[in-house]
Amino acid sequence: MTEQERIRIGKLDELKALGVDPFGGKFDVTHYSQSILDTYESYTKEELAEMAVEVAVAGRIMTRRTKGKAGFMHIQDRDSQIQIYLRQDSMSEKDYKVFDLCDIGDIVGIIGTVFKTNTGEISVKASQYIHLTKALKPLPEKFHGISDEEMKLRKRYLDIIMDRDVKEIFLKKQKFWASIRNFLIEHDFLEVETPVLETSSGGAAATPFKTHHNALDIDVFLRISMGELWQKKLLVAGYDKTFEIGRQFRNEGMSNEHLQDYTQMEFYWAYADFEMGMEFCKDMYRRVTKAVMGSSKFSTRGFDIDMDRDWEIYDFETIVAEKTGINVFDTSKEAIMAYLDEKGIEHDPNVGFWRLVDVLWKTVRKDLAGPGFLVGQPVQLNPLPKRLPSDDRKVAQMQIVLAGSEMGNGYTELNNPLDLEERFKEQRSMSEAGDTEAHEHDESFIEALRYGMPPAFGFGVSERLFSVMMDRPIRECVFFPLMKPRS
């Protein structure tokens, strides 16, 4: 325990001797700092004095100074900071004694009147000082904050206290998901909840987390998709439009774009196809961008993005051939590995041909600014979409490309159970050959399709899109990312 911590703990008894609970009780807040600043900034000192507007504000002490029988401090609430002016002759003797015992970091309530200082700063002159919570540890230094990046993530609450920009990220994140949810509901989509624990890890190409269900004595998986196969069963049931926003889990590597547990949205739309989905998602992304960023334009990762511009169309076969000289439908595994080796791109030589094709595409993608749609993907990369009528080597799929990354994935759903069963068999062969991300055969889903699922379009996007808007690693856009315990 530091000397400062010992002093703060010592003040607990002094507060109790004054009849004050060091860890407080309720306080009725009537105003917040930013609303006070915005409302009264244009008034003169004389006008505010005549109005005598009384407010009750509460927050954390961020600065404190005293001079004789008066003191100043700034308290920080949910919105911003506001200055408090305290005079011994304007408060009760007890209240001023309690103020004398306060430290930076304490949480207090103030009742007083709004006024403007000689320097023009909107402030509150306290008539009552109510102690609410004693901070037993000091905050980081005001001008340095937390410089250790790992500590920022471990003690995110301190990072948010000290850095308004960090707090603002999560206010924008709420707008991000709210605007997506509202957009879908406005278009008659039903919000649903599907299982997080599954007996089959279907619906995506990813490595699942596995655990054991004691009551049923079976192994289960944490979902790797946002209820994709379940939502399609709801299409079979007769719901034409569904969506879900929730957490999903993938037991894979960590990077600036990837987390093991993260929030995803997926929707399914009966009687639509991927071309209809492209127009719908374009409108949704434009709405979301303006809600979060206040504009259609933002800069990220060295790219200047304008969501209102005409979106590009990237054909998989064409763009890969243009950028690498390789036609993915007329090449060999050895040729792709030679190209990747030449470019110094890391890859696993033990995976199958089509997994290397995916690596090849991702090297091309990183230079594409977008916004745009990738189309014409090989059927081997995803067994769940319908094939393109014009080219059965490819699927009716679109991926949104933005700032060098995939920022959403959708396709015309395969509703032919016979075709899907054959594709699942091919995925099983890929799995047996060592591909840990191959799709798992789901018999119950095949059975549901045999009852008839309408033609449909499905789409998913994760919070990766939000992190790109913020131009920050995805871990910094999560309140409490998973951290390895300290040894």
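The lining of the second largest pocket comprises eight nonpolar, three polar and seven charged residues. The model examined here is predicted. In this model the second largest pocket has a volume of about 280 Å³ and is lined by 18 residues. Nearest the centre of the pocket lie Met62, Gln76, Gln81, Ile161 and Met162.

With regard to secondary structure, helix 6 (156–162) and helix 7 (164–186) each provide at least two of the lining residues. Helix 6 makes the greatest contribution to the lining of this pocket, supplying three residues.

Two residues of helix 6 were considered in further detail. Arginine 156 is located in this helix and has a relative accessible area of 1%. Since buried denotes a value under 20%, arginine 156 is therefore classed as buried. When neighbours within four places in sequence are set aside, arginine 156 is in contact with Val166 and Phe170, and also with Arg475, Glu476, Val478, Phe479 and Phe480.

Isoleucine 160 likewise belongs to helix 6. This residue is buried, because its relative accessible area of 18% falls under the 20% limit. Residues up to four places away in sequence being excluded, isoleucine 160 touches Val166, Lys167 and Phe479. Val166 and Phe479 thus appear among the contacts of arginine 156 and among those of isoleucine 160. The C-alpha atom of isoleucine 160 is separated by 21 Å from that of arginine 464, a residue 304 positions apart from isoleucine 160 along the chain.

Methods
Residues numbered from 1 in each chain as written. Predicted model: local features only at pLDDT ≥ 70, side-chain atom pairs only at ≥ 80, totals over all residues. Heavy atoms only, no water. 1 Å grid on protein atoms, 1.4 Å probe; cavity = no way out; pocket = protein on both sides within 12 Å on 5 of 7 lines; lining within 4 Å. Points joined across faces, edges and corners; volume = space filled by probe spheres on them. Helix = DSSP H or I, 4+ residues; strand = E, 2+ residues; numbered from the N terminus. Nonpolar A, V, L, I, M, F, W, Y, C, P; charged D, E, K, R; others polar. Buried < 20%, exposed > 50% of the residue type's maximum accessible area, 1.4 Å probe, protein only. Contact = heavy atoms within 4.5 Å.
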